[in-house]
Amino acid sequence: MEMVELGMNLAVQRYCPALYKYSLVACVQISSEGSDGFDKDEIDCAIAISLSEVDQKGKKVIEDESEPEEESDEDVTFDGHIEDDDEKYVESHVEEEEDSYAKAHEEKEDDRHAKVQQEEDEDLAKVQLEEDEQLAKAIQESLNVESPPRSGHGGLFSPYPFFFSASYRICAGCNAEIGHGRYLSCMGSVWHPECFRCHACNQPINDYEFSVSGNRPFHKSCYKEQHHPKCDVCRKFIPTNPAGLIEYRAHPYWMQKYCPSHEHDGTPRCCSCERMEPVDVKYISLDDGRRLCLECLDSAIMDTHECQPLYLEIQDFYEGLNMKVEQQVPLLLVERQALNEAMEGEKNGHHHLPETRGLCLSEEQTVTTVLRRPRIGAGYRFIDMITEPHRLIRRCEVTAILILYGLPRLLTGSILAHEMMHAWLRLKGYPNLSPEVEEGICQVLAHMWLDSEIYATAGSDAASSSSSSSASSSSSSSPSSSSSTSSKKGKRSDFEKKLGGFFKHQIESDSSTAYGEGFRQGNQAVNKYGLKRTLDHIRMTGSFPF
């Protein structure tokens with residue numbers, strides 16, 4: 001009996017472990033009834049039937065898994081527990097898979113939305129950029145202007161956009177509302193295109209770039225015209241040097257600005273005021289190669305006869321200083337060549353400037369003098385000059401004073417005052433002096449005469465003018481004499497006064513030892529001790545007092 005039970009158990013346990021309890025029931029039933037009423041065949045048959053039933057039950061359970069049928073109370077209870085566990089597991093697994101899928105799907109959707117949004121933003125930015133470029137191009141083509149703000153410290157402006165709300169677009173030029181019309185945004189404000197104007201020419205600025213000075217806009221050309229220095233000779237803008245800086249030369253007195261190249265390109269200078277000849281002005285050419293500007297020509301003395309009134313004035317000047325020249329010393333105006341020849345024939349060697357314009361002679365010789373004033377001919381040249389030889393006879397220590405012709409009255413007078421001091425020293429028996437002392441004291445007298453001419457009072461000018469009128473009326477029978485003296489006397493013009501200041505400046509700033517340093521020492525002595533005591537000291541010691 002135990003073998004039968006063991007066999008059933010093994011069979012049931014082998015084919016269907018889940019139905020193992022049914023075999024146990026069957027074994028219990030067989031055990032309770034006893035084994036006496038059954039033989040081995042019957043037992044085998046019972047086992048086979050039991051196994052067959054078990055197979056049928058198992059097959060039905062598998063087939064009806066999705067739609068379970070009603071079983072016995074015991075079977076329903078067992079199968080219900082199994083199905084509940086499976087359903088919970090399946091539901092849990094499905095929920096996990098759904099959650100995982102939903103999460104992955106959500107992340108994928110988020111990535112897709114982000115990518116789409118990024119592409120939309122890029123497209124929008126690209127469209128906006130294209131619209132801005134088209135707008136800028138349209139403004140450039142229609143107005144040919146940009147909206148440059150202030151850059152740097154007041155010079156050139158480069159374009160840079162400003163944005164203003166339409167409700168605040170008030171034109172800085174006319175203070176009217178711009179609205180949605182075309183406008184320019186520059187210098188921190190907005191403008192109607194026709195209101196943004198150059199401060200110099202008052203014309204609209206339609207250029208790509210513009211300049212600013214004093215918070216005022218200018219065309220580049222107008223700004224350059226007003227602020228970039230121009231050459232007073234060639235009338236062009238002074239170029240920059242290799243370092244990018246504006247470099248020019250300027251006369252120390254007249255402040256005439258000119259390009260450095262004009263110092264070496266043969267540009268002529270006036271022989272009197274030393275100003276360079278501008279490209280739009282013609283200087284007068286003298287026979288000896290000198291050039292004379294028109295302002296200096298206005299008061300120039302051209303012949304010996306024309307210089308005699310000036311000679312008398314300077315004699316009066318010396319007489320007022322108690323230094324009257326008793327002897328009659330001839331005064332002659334000569335050309336440069338005659339002056340140089342006379343200087344070579346002078347035995348007493350005196351110190352002279354590189355370009356001698358006056359000479360006090362002590363030797364007998366023949367000098368060619370200018371007898372009649374030349375006239376201006378074609379090509380701004382002097383023509384029809386009449387000269388004659390003049391034989392000098394020695395009657396005293398001084399035979400003649402020679403002055404270069406064609407110089408302005410004030411320059412001629414200062415040279416004559418200088419040479420008369422040479423004559424005075426020789427006629428008064430002064431010993432041979434050093435160039436510094438003799439030329440220095442002569443320059444002091446020339447400087448003093450220029451002072452007397454430049455700072456003459458209005459009353460003196462009026463008296464001189466009235467005396468000129470009376471002299472002119474008394475000599476009405478001689479029109480040439482009156483015409484030659486009328487322009488040389490009377491009230492000085494503003495340029496002639498300034499020209500006299502220039503001649504004083506030349507004496508004061510001379511760098512030579514004899515003329516420059518000699519003048520400064522002599523002028524200091526005269527200012528300190530007076531002219532008479534200084535001359536007495538020179539007579540006794542041959543030097544300036546200190």
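Let me begin with strand S11, residues 358-361, which is joined to strand S16 by four bridges, the two running antiparallel. Within that pairing, Leu 361 stands opposite Ala 400 of S16. I should say at once that what we are looking at is a predicted model, and that every value I quote is computed from it.

S16 has another partner, since strand S10, residues 331-334, is also joined to S16 by four bridges, and here the two strands run parallel. In that second pairing, Leu 333 has Ile 403 of S16 as its bridge partner. How many of the five residues of S16 are buried? Five of the five, across residues 400-404, so the strand is largely enclosed by the rest of the structure. In a regular strand the side chains alternate between the two faces of the sheet. With that in mind, we can take the two faces of S16 in turn: Ala 400, Leu 402 and Leu 404 are buried on one side, while Ile 401 and Ile 403 are buried on the other, so that both faces are covered.

Let me move on to helix H9, residues 409-427. Its 19 residues should span 27 Å at 1.5 Å a residue, and the C-alpha atoms at its ends are 26 Å apart, which agrees. As for its surroundings, 19 of the 19 residues of H9 are buried, so this helix, too, is largely enclosed by the rest of the structure. After the helix comes Gly 429, whose phi is positive, near 80 degrees.

One residue in H9 that I would like to single out is Met 420, which counts as buried at 2% relative accessibility. Leaving out residues up to four places away in sequence, Met 420 touches Tyr 311, Ile 314, Gln 315, Tyr 318, Val 325 and Ile 401. Ile 401, you will recall, is one of the buried residues of S16. The C-alpha atom of Met 420 is also separated by 9.2 Å from that of Val 329, although these two residues are 91 apart along the chain.

Next, a charged side chain: is Arg 290 buried or exposed? Arg 290, which lies in the loop between strands S7 and S8, is buried, with a relative accessible area of 3%. Its side chain makes a polar contact, at 2.9 Å, with the side chain of Asp 288. Beyond its sequence neighbours within four places, Arg 290 is in contact with several residues, including Arg 336, Glu 355 and Leu 404.

Turning to the cysteines, the count of disulfides comes to zero. Cys 171 is in no disulfide, the nearest cysteine sulfur being that of Cys 174, 3.7 Å away, and Cys 171 counts as buried at 1% relative accessibility. For Cys 195, the closest cysteine sulfur is that of Cys 171, and because the two are 3.8 Å apart, where the cut-off is 2.5 Å, they are too far for a bond.

Finally, the aromatic residues, of which the structure holds 10 pairs. The rings of Trp 191 and Phe 196 have centres 5.1 Å apart and planes at 65 degrees, so this pair is edge-to-face; Trp 191 is buried at 12% relative accessible area, and Phe 196 at 2%. By contrast, Phe 502 and Phe 503 form a tilted pair, because their planes are at 50 degrees, with ring centres 5.8 Å apart. Phe 502 and Phe 503 also belong to a cluster in which ring pairs link them with Tyr 253, Trp 254 and Phe 495.

Note on methods. Residues are numbered from 1 along each chain as its sequence is written. This is a predicted model: local features need pLDDT of at least 70, side-chain atom pairs count only at pLDDT 80 or more; totals for chains, interfaces and linings use all residues. Side-chain values use heavy atoms; hydrogens and water are left out. Buried means under 20% relative accessible area, exposed over 50%, partly exposed in between (1.4 Å probe, protein chains only). Two strands pair if DSSP finds at least two bridges between them. The expected span of a helix is 1.5 Å times one less than its number of residues. A polar contact is a pair of N or O atoms within 3.5 Å; within protein, one must be able to donate a hydrogen and the other to accept it, and residues adjacent in sequence count only if both atoms are side-chain atoms. Contact means heavy atoms within 4.5 Å. Rings of Phe, Tyr and Trp (its six-membered ring) pair if their centres lie within 6.5 Å; planes under 30 degrees apart count as stacked, over 60 as edge-to-face and the rest as tilted.
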